[in-house]
Amino acid sequence: MAKPNPCLDCGACCAYFRVAFYWREAEPSDHASAVPQDHFVELTPMQRAMKGTEKKHRPKCVALKGKIGENAGCSIYDLRPSPCRAFQASFENGIHQQRCDEARRAHGLRPLVKSDWLEFPTPQENKSGIVI
Ligand code: SF4
Ligand code: SF4
């Protein structure tokens, strides 16, 4: 039986780190999937940050909707900047990610473990996954 992706309801990293990226990622004349114009702030002439994540106290990305740890999700998923695409959840690819743990802990969520990603057959399934 497949387990749901733990990121799908989490969102902790979107309300913990500053999400900074190169200005061209928010330049609509450069590419069709630019970060929406009302979703970022200018950090420096070359650098942008997702709005809300630049705050030192309780940063939270403006694109994050829902409740962290319950039903949080990115409202601009296909347009999110490169740091969001590169960020890896702990054990998603079998490797422990300290930053994921850090964000989750800050929101009262336990760190992910390997078994959060593994699929186990239910008692009704045989080894090939076929329900018997
Ligand atoms: S753009 Fe989406 S994925 Fe990136 S920090 Fe904001 S809510 Fe999270
Ligand atoms: S903190 Fe970790 S588990 Fe939560 S959304 Fe970010 S990468 Fe996924």
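**View 1. Surroundings of ligand 1 in the predicted model.** In this predicted model, the residues found around ligand 1 are C14, V19, M50, C61, A63, L64, C74, I76, R80, P81 and C84. Sorted by class, this shell holds 10 nonpolar residues and one charged residue, with no polar residue among them. The space that ligand 1 takes up is the largest pocket.

**View 2. Surroundings of ligand 2.** Around ligand 2 the model places C7, C10, G11, A12, C13, F87, A89, C100, R104 and L112. The shell of ligand 2 comprises eight nonpolar residues together with one polar and one charged residue. For ligand 2, too, the space taken is the largest pocket.

**View 3. The largest nonpolar core and a second core apart from it.** Nine residues, namely V19, F21, A26, V35, F40, M50, C61, A63 and I76, form the largest nonpolar core. Apart from this core lies another, made of five residues, including A12, F17, A103 and L109. As background to such a view, nonpolar side chains tend to be buried together in soluble globular proteins. Some names recur between views: V19, M50, C61, A63 and I76, which belong to the largest nonpolar core, are also among the residues around ligand 1, while A12, a member of the other core, is one of the residues around ligand 2.

**View 4. The contacts of F21.** Leaving aside residues up to four places away in sequence, F21 touches A26, V35, F40, M46, Q47, R48, A49, M50, P81 and P83. Of these partners, A26, V35, F40 and M50 belong with F21 to the largest nonpolar core, and P81 is one of the residues around ligand 1.

**View 5. S115 and its distance from K3.** S115 lies in the segment that follows α2, the helix spanning 98–106. Is S115 buried, exposed or partly exposed? With a relative accessible area of 29%, S115 counts as partly exposed, because this value falls between the 20% and 50% limits. Although S115 and K3 are 112 residues apart in sequence, their C-alpha atoms are 9.4 Å apart in space.

**View 6. The protein as a whole, for orientation.** The secondary structure amounts to two helices and five strands, and along the sequence these elements follow the pattern β-β-β-β-β-α-α. Of the 132 residues in the protein, 30% are buried. Among contacts between residues at least 6 apart in sequence, 53% join residues at least 24 apart.

Definitions and conventions:
Residues numbered from 1 in each chain as written. Chains lettered and ligands numbered in written order. Predicted model: local features only at pLDDT ≥ 70, side-chain atom pairs only at ≥ 80, totals over all residues. Heavy atoms only, no water. Near = heavy atom within 4 Å. 1 Å grid on protein atoms, 1.4 Å probe; cavity = no way out; pocket = protein on both sides within 12 Å on 5 of 7 lines; lining within 4 Å. Sits in = over half its atoms within 2 Å of the grid points. Nonpolar A, V, L, I, M, F, W, Y, C, P; charged D, E, K, R; others polar. Helix = DSSP H or I, 4+ residues; strand = E, 2+ residues; numbered from the N terminus. Buried < 20%, exposed > 50% of the residue type's maximum accessible area, 1.4 Å probe, protein only. Core = buried A, V, L, I, M, F, W, Y, C linked by side-chain atoms within 4.5 Å. Contact = heavy atoms within 4.5 Å.
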